[in-house]
Amino acid sequence: MSLSHRRLVRHLRRAVPRSDGSGTGLLHYYDEHPEKVPLPYPSGWFVIAWSDELKPGQVTTRRLCGEDVVLYRTHGGTLHAVAPYCPHLGTHLGSGATVCDEQIVCPFHRYRFGPDGTCVATPGGPPPPSLGSLRHYPLREQDGTVYLWYGHDNSPPGWELPHPVTGPQFCRPVRWTGDLRTHPQQTAENSVDYAHFSALHGFVEVTETAPVEFKGPTAHVHLRFSLRRFPVLGVLTAESGADLIGLGIILFKVEIPKVGIQGRGWALTTPVGPWRARIGLAFSCAATGFRWLPAPVRPLITAPLTRLAARLFQLILKRDLSNDFPIWNHMRYQEPPRLTRYDGPIGQLRRWARQFYPPTGETEQQRGSDPADANPPEQTPEGA
């Protein structure tokens, strides 16, 4: 790695602030008043883990939409997601359960549950007929990422994930995860808030090369960015296409002909509680401009180059989004928004997003309150 590259990496790392949860009372308002959350949990696929976080025989617990989900990988390599409580006496399987072959074993009485959720064995003999089964959640694993389906009233998946977006020419993704006070719709709106790319992130120019295409559970955004000036490389222009898959997944493609690199990125927002989300960022790169190199030596050059490029792009993405983090942590959901013609199709995206929410009349926790009553009272930052 050259000196200029090392300086750039150090600069990007210093530019990423910590999101430590400190700040104004507004930051904790929805924790104290969950009934005031203005938007309920949306249906859709949400990232629950990275694939390499779960080795064969491993059990872990994650949060999704206010509830625990227990993940385990069998010794044969198959990943499962189940409800956290054993139907026998309610033991939390995330606290001490083990894996035996293809079964998860409750730590309390050693009841074993098979891949379909049925109890297949107990230490005292056959399982009781009235025991019931362990609930399994729809799960998909692709591009090194584990997705879980959340549906209202336990509805089955309403659509499938797109095909994997990387291939063997792409390097292993570079990833980062952080926690925020926000909602998946807020991060989805960010992708069509064109004005903020220049105002907040300092992009030289942002051009919508085609109107946003809203089709079913997906939306496709076409943009051309003139990025800020980089050391050695100068100002870079990038063509970018972003696919929104529901409200939890943003997949984007970046082409930079000047350096012969194409990138694939993921911005993944998982609702974990009322107005709380876990953000996952990942980036992978492939070399497209080095065909003049002899085939035997090409991988020796492009493999470290693409890994370095993915690392830099991921750091740039994290640095840019770190400017959004304090705003998301403290902003309220403005309904209706006061939009200008420079803001981008935020209103269209909100209308498109309605399909992911339950009809009116859900439970208090899921329904959220009337938007007119949902915003916190005006507050002054602590210490002001």
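In which sense do β9 and β10 pair, and over how many bridges? Here are a few notes to help you find your way around this predicted model.

1. **The sheet with β9 and β10.** These two strands pair in the antiparallel sense, over four bridges. If you want a spot to look at, find E141, which stands opposite V146 in β10. Both strands belong to an open sheet of three strands, ordered β1-β10-β9 with antiparallel pairing. Its edge strands are β1 (44-50) and β9 (139-142), each of which pairs on one side only. On average, neighbouring strands of this sheet are turned by 30° against each other, direction ignored.

2. **Aromatic pairs, starting from β10.** The count of aromatic pairs comes to 11. One of them joins W149 and W159 edge-to-face, at 5.0 Å centre to centre and with 85° between the planes. This pair links distant parts of the chain: W149 sits in strand β10 (residues 145-150), while W159 is in the loop between β10 and β11 (174-180), 10 residues apart. W149 and W159 are both buried.

3. **A pair between a strand and a helix.** F214 and W352 form a tilted aromatic pair, with 5.8 Å centre to centre and 45° between the planes. Here the linked parts are 138 residues apart, with F214 in strand β12 (residues 205-215) and W352 in helix α6 (residues 346-353). W352 counts as buried because its relative accessibility is 7%, under the 20% cut-off. F214, with a relative accessible area of 28%, is partly exposed.

4. **The aromatic cluster.** It is worth viewing the two pairs above together: ring pairs link W45, W149, W159, F214, W352 and F356 into a cluster.

5. **Salt bridges around D52 and E53.** The structure holds nine salt bridges. In one of them, D52 meets R175, with the closest N and O atoms 2.5 Å apart. D52 lies in the loop between β1 and β2 (59-64) and R175 in strand β11, so this salt bridge ties together parts that are 123 residues apart in sequence. D52 is partly exposed at 36%, and R175 is partly exposed at 26%. E53 forms a salt bridge with R62, the closest N and O atoms being 3.4 Å apart. In that pair E53 is partly exposed at 29% relative accessibility, whereas R62 is buried at 19%.

6. **Other charged groups to visit.** R319 and D320 form a salt bridge whose closest N and O atoms are 3.8 Å apart. R319 is buried, with a relative accessible area of 13%, and D320 is buried at 9%. Finally, look for E189, E335 and R350, which are linked in a network of salt bridges.

Conventions. Residues are numbered from 1 along each chain as its sequence is written. This is a predicted model: local features need pLDDT of at least 70, side-chain atom pairs count only at pLDDT 80 or more; totals for chains, interfaces and linings use all residues. Side-chain values use heavy atoms; hydrogens and water are left out. Rings of Phe, Tyr and Trp (its six-membered ring) pair if their centres lie within 6.5 Å; planes under 30 degrees apart count as stacked, over 60 as edge-to-face and the rest as tilted. Buried means under 20% relative accessible area, exposed over 50%, partly exposed in between (1.4 Å probe, protein chains only). Two strands pair if DSSP finds at least two bridges between them. Axes are lines fitted to C-alpha atoms, for helices over the stretch in contact, and angles run from 0 to 180 degrees between N-to-C directions. A salt bridge is a side-chain nitrogen of Lys or Arg within 4 Å of a carboxyl oxygen of Asp or Glu.
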